[in-house]
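Good morning, colleagues. Please turn to the structure on the screen, which I shall go through one region at a time.

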Amino acid sequence: MKYISTRSSSVKYNFEKIFLKGLADDGGLFTPTTIPVYSEKDLNKFKDLSYSELAIELIFPFVGDTISKNDLSNIIKNSYKKFDDKNVVKISNLGNFKLLELFHGPTLAFKDIAMQFIGNLYEHYLNQNKKKINIVVATSGDTGSAAIDAIKGRKNMNVFVLHPDNKISSVQKKLMTTASEKNVYNLAIQGNFDDCQNIVKSLFADKKFSNSINMSGVNSINWARIIAQSVYYFYSYFKVLPFFKNVNFSVPTGNFGDVFSGYFAKKMGLPINKLIVATNSNDILHRAITRGDYASNPAIETLSPSMDIQIASNFERLIYDLNQGNSLETKKIMDKFKKEKKYIIPKDHLSKINLNFLSESLNEKELISSIRYTYENFKIVLDPHTAIGYGVLNKLNIDSNTIILATAHPSKFPEAIEKSLNIKTKLPAKLNYIMDQKEKYDKLENNTEAVKKFILKKLS
């Protein structure tokens, strides 16, 4: 398996290279040159596998000869030992729909599923090559804590996490800033998530800097995140058969990574009907998918902070796909978008998007109504992001055959739940201690040079 950048096809890389690098030097995202496609017969062989067994089969073709299947098997099995559910994920009922609970990992968010795998994968490659690495990651709330849990205490890597100051929930912040390990650095940036993400991309683009610190990234720009997340689409599909046919997935998303994993699963042969892109008031993805208007507006603070994003990094992978792998055209589009903050999707491309995707958004009033409705009718408390995944189905008049991705535990968003239901949520006992722990973080200006100086100082 070889990989190229979405912005240049001139150089091919193996999986180890693109995994450790994270983002291409030209600013593009890595993508495989070929995609394994599974027939119905192939899928039938997978349907009775455990989650870990399925992950091994689906991920192995992407790692090529950079890791043995036995080593990959050990990495995957070790990655899911800390999950509360032996099957890693859990499927429950929500009226006529199915709820895919992805929050049974150590930091109560879907990010754990890929991040625990990534932490162990880093360690495997770094021990093998006797190297050290510095991971720089932007977070809108959940990615940071998942990355810290997966990487904290490891000897051959440091993690620098940039979060928007005072724009994430109190619990999300505590899960990050109470980590006391010496290889963990939390940076509160005076800006929003898009600012944090832009800083990380700028650091990658500075080849002299990124190469000097052996920099890597674990945001969903890293291809390993995409393939690890695609597994639960396959797994949940097998679990709902034969009850659902022509299954849809409703995916709360801001950065387009989670839903792109579903799209990639469909490209690998999983018979998904529609992928429903559920957004909050920061609706750049909704506008792009419904009207072809991929234009960045100022980010709005909402009760669903992990989706307060106006530049969806993984959308570039879809643009590349729509342009049939034309990296020069993709680079031209992304360069123009960087300057103008907008891209009007051609009508023929929009028609292709609509074959696979639907989209809708909820404003704050609708979000609160969605949380209240599920609690009053089903006695289920949904976190604000999952509530958007549920709420958009009513606006789209979809009433069955849909799996909703439950992306986080409601206790991570106490402010949203209290405002919606006037009840206080409690963290599970295993994490409740963090609320009394001392925090450790540094406040920095919204400035790439300030972050660069901070990192170099800590590594000197």
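How many bridges join strand E6 to E7? There are 6 of them, between E6, residues 133-138, and E7, and these two strands run parallel. I should say at once that this is a predicted model, and that every value I quote has been computed from it.

One pairing to locate on the screen is Ile-133, which stands opposite Met-157 in E7. To pass from E6 to E7, the chain goes through helix H6, residues 142-151, and this β-α-β crossover is right-handed.

Let us stay with strand E7, which covers residues 157-164. Is this strand mostly covered or mostly open? It is mostly covered, since 8 of its 8 residues are buried. In a regular strand, side chains alternate between the two faces of the sheet. Here, Met-157, Val-159, Val-161 and His-163 point one way from E7, while Asn-158, Phe-160, Leu-162 and Pro-164 point the other way. Both sets are buried.

E7 has another partner, strand E8, residues 184-189. Again 6 bridges join the two strands, and they run parallel. Within E8, Ala-188 is the bridge partner of His-163. Helix H7, residues 170-177, completes a right-handed β-α-β unit with E7 and E8.

I turn now to the interior. Nonpolar side chains tend to be buried together in soluble globular proteins. In this model, the largest nonpolar core has 103 residues, and Phe-15 and Phe-256 have the most contacts inside it. Which helix gives the most to this core? The answer is H10, residues 223-240, with 13 residues.

Phe-15 deserves a moment of its own. Leaving aside neighbours within four places in sequence, Phe-15 is in contact with nine residues that I shall name in full: Tyr-3, Phe-62, Val-63, Thr-66, Leu-121, Tyr-125, Trp-223, Ala-224 and Ile-227. Apart from the largest core lies another, of 27 residues, including Met-307, Ile-368, Leu-393 and Ile-398.

Next, consider Ile-221, in the loop between strand E9, residues 215-216, and H10. Why does Ile-221 count as buried? It does so because its relative accessibility is 5%, and the cut-off for buried is under 20%. Beyond its neighbours within four places in sequence, Ile-221 is in contact with Gly-22, Leu-23, Leu-29, Phe-204, Ser-313, Asn-314 and Arg-317. Ile-221 and Arg-317 are 96 residues apart along the chain, and their C-alpha atoms are separated by 9.3 Å.

Finally, the empty spaces. The largest pocket holds about 480 Å³ of space. It is lined by 22 residues, and Arg-7, Gly-27, Asn-198, Lys-201 and Lys-338 are the closest to its centre. Helix H8, residues 193-205, and helix H14, residues 327-340, each supply at least two residues of this lining. H8 gives the most, with 5 residues.

As for enclosed space, how many cavities of 30 Å³ or more does a search of the whole structure find? It finds 2. The largest cavity has a volume of about 270 Å³. Of the 26 residues that line it, Phe-110, Lys-111, Gly-254, Asn-255 and Ser-306 lie nearest its centre. H6, H10 and helix H11, residues 257-267, are the elements that give two or more residues to the lining of this cavity. H6 is also the helix in the crossover from E6 to E7, with which I began. Thank you for your attention.

Methods: Residues are numbered from 1 along each chain as its sequence is written. This is a predicted model: local features need pLDDT of at least 70, side-chain atom pairs count only at pLDDT 80 or more; totals for chains, interfaces and linings use all residues. Side-chain values use heavy atoms; hydrogens and water are left out. Buried means under 20% relative accessible area, exposed over 50%, partly exposed in between (1.4 Å probe, protein chains only). Helices (H or I, at least four residues) and strands (E, at least two) are DSSP runs, numbered from the N terminus. Two strands pair if DSSP finds at least two bridges between them. A crossover is right-handed if, with the strands pointing away from the viewer, the path from the first strand over the helix to the second runs clockwise. A nonpolar core is a set of buried Ala, Val, Leu, Ile, Met, Phe, Trp, Tyr and Cys residues joined through side-chain atoms within 4.5 Å. Contact means heavy atoms within 4.5 Å. On a 1 Å grid over the protein atoms alone, a cavity is a set of points where a 1.4 Å probe fits but cannot get out, and a pocket is an open set with protein on both sides within 12 Å along at least five of seven lines; lining residues have an atom within 4 Å of a point. Grid points are joined across faces, edges and corners, and a volume is the space filled by probe spheres set on the points.
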